[in-house]
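Colleague: Hi, have you got a minute to go through this one with me? I'd like to start from a single residue and work outwards.

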Amino acid sequence: MTLYNHEYWMAKAIQLAQKGRYTTHPNPRVGCVLVKGDQLIGQGFHLKAGEAHAEVNALNDAKKNSQDVKGATAYVTLEPCSHQGKTPPCADALIKAGVACVVFGMQDPNPEVSGRGLAKIKKAGIEVIGPIQELECEALNHGFIKRMTEGLPYIRVKLAMSLDGRTAMESGESQWITGPEARLDVQRLRAQSDAIVTGIGSVLADNPSMTVRIDSDDQEVDSKTVRQPLRVVMDTALSIVPDAKILYPTSQACVFSVEEDIEAEHLNVLNKKGVKVRFSPRGDDGRLDLLDAMEQLADAGINDVLLETGSALAGSFLQAGLVDEITVYMAPKLLGSSARPLFQLPLEAMDEAVELTLKSVRQVGQDLRLVYQPTYLEEDFEEDGFDEDEE
């Protein structure tokens with residue numbers, strides 16, 4: 001087959017992988033298509049951790065349609081696994097099925113297993129080609145890749161602002177800056193995230209629940225199977241009230257604090273209610289160490305973090321170099337010079353300015369969704385190979 005054909009079929013596998021973007025946590029999103037005689041004979045994607053992987057689902061699809069897989073080419077967005085986890089190795093399944101060639105999008109980013117699946121397939125006498133459309137395949141799993149290679153989650157800051165760059169009135173009033181279409185888009189961002197992080201200031205001011213709320217008639221997200229992300233509060237002195245909405249159910253929430261700053265009696269009250277409190281050391285700014293907190297989340301299997309908070313904590317994450325992406329919803333309205341800004345950043349000179357690279361612009365209702373990448377990142381973030389709304 002030509003390179004064009006390889007790219008065509010890999011694009012199909014990428015589209016399949018996107019179908020698992022709300023459900024695969026903590027596993028990566030993976031798609032697979034089986035091609036024989038330039039005809040699609042089977043397809044599948046990974047839906048949920050603990051269930052069959054993309055390759056097995058594609059093989060089962062071919063079998064269901066009475067297709068002979070022997071001699072076929074398998075296109076997989078991620079290197080087939082070679083180890084026994086909750087499911088058997090996918091490399092073994094492809095070998096047993098008798099495929100003639102495996103075309104992969106990218107290698108497994110886990111340094112402990114990377115390349116082993118491909119080596120096993122090659123050893124079985126099967127041709128291996130790739131990587132093909134590597135950047136597009138990487139874009140499926142920025143969080144999984146970063147957790148495997150850096151021990152940190154991929155952190156996206158979500159902000160809503162007026163045309164003059166304000167997030168709330170001076171009083172704190174902010175409902176609603178953006179329109180209903182943008183607010184629905186935010187719910188989908190939440191649904192794609194493994195954790196939502198906010199600050200104690202936002203919790204005390206607004207008492208948010210920070211849950212994913214999807215209408216039953218949503219055409220993109222299945223409200224019956226949507227997974228609620230972990231809700232995380234950055235709270236240095238542990239001043240959160242025990243009945244805060246964000247803490248319940250307690251199995252889906254946790255609070256980060258600095259241990260020496262908290263009152264033992266208050267901690268006992270939270271513990272009795274089942275609230276999980278994690279401790280981080282004090283950072284250079286006197287508050288809890290954000291890097292340590294994010295490393296703890298990564299250790300817990302968190303791939304993607306959505307930061308929804310006020311300007312102070314958002315600025316702290318940005319100054320700490322922890323922000324991978326900034327998603328801003330800009331509304332066509334003006335809030336005035338006394339309203340609150342996007343970030344609190346103690347900058348005094350132009351050479352201290354934080355440079356951003358615009359990655360995408362899209363109209364959502366009457367608002368604009370702007371996606372930026374801080375230029376302090378060493379590697380460029382690439383957009384998916386297609387518009388997810390055009391599947």
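Colleague: Where is Tyr376 found?

Modeller: Tyr376 lies in the segment that follows β16 (367–374). Helices (H or I, at least four residues) and strands (E, at least two) are DSSP runs, numbered from the N terminus. Keep in mind that this is a predicted model: local features need pLDDT of at least 70, side-chain atom pairs count only at pLDDT 80 or more, and totals for chains, interfaces and linings use all residues. Residues are numbered from 1 along each chain as its sequence is written, and side-chain values use heavy atoms, with hydrogens and water left out.

Colleague: Is Tyr376 buried, partly exposed or exposed?

Modeller: Tyr376 is partly exposed, because its relative accessible area is 33%. Buried means under 20% relative accessible area, exposed over 50%, and partly exposed in between (1.4 Å probe, protein chains only).

Colleague: And which residues form the nonpolar patch with Tyr376?

Modeller: Val354 and Leu356 join Tyr376 in a nonpolar surface patch, with about 220 Å² of accessible area together. Areas come from the Shrake-Rupley method with a 1.4 Å probe, and for residues only the protein chains shown count as cover. Patches are made of residues with over 30% relative accessible area and no salt bridge (a side-chain nitrogen of Lys or Arg within 4 Å of a carboxyl oxygen of Asp or Glu). Like charges are joined within 9 Å, and nonpolar side chains (Val, Leu, Ile, Met, Phe, Trp, Tyr) within 5 Å.

Colleague: Back to β16, then. How do β15 and β16 run?

Modeller: β15 and β16 run antiparallel and are joined by 8 bridges. Two strands pair if DSSP finds at least two bridges between them. Arg362, for instance, has Arg369 in β16 as its bridge partner.

Colleague: What sheet do 9 strands form, and in which order?

Modeller: An open sheet with mixed pairing, in the order β11-β10-β9-β8-β12-β6-β13-β16-β15. β11 (276–279) and β15 (356–364) are at the edges with a single partner strand each, so one side of each has no neighbour in the sheet. On average, neighbouring strands here are turned by 25 degrees against each other, direction ignored. Axes for that are lines fitted to C-alpha atoms, for helices over the stretch in contact, and angles run from 0 to 180 degrees between N-to-C directions.

Colleague: How many residues of β10 are buried?

Modeller: In β10 (residues 253–257), 5 of its 5 residues are buried. Ala253, Val255 and Ser257 point one way, while Cys254 and Phe256 point the other way.

Colleague: And which strands does β10 pair with?

Modeller: β10 pairs in the parallel sense with β9 (residues 230–234), over 4 bridges, and in the parallel sense with β11, over 4 bridges. Val233 has Val255 as its bridge partner in β10, and Ser257 stands opposite Phe279 in β11.

Colleague: Changing topic: which residues of α4 are buried?

Modeller: Gly117, Leu118 and Ile121 are the buried residues of helix α4 (residues 116–123). They fall within an arc of 95 degrees seen down the axis of α4, so they line one face of the helix. The arc is that of the directions from the helix axis to the C-beta atoms.

Colleague: What does the face of α4 turned away from its buried side carry?

Modeller: That face carries the exposed residues Arg116, Lys122 and Lys123.
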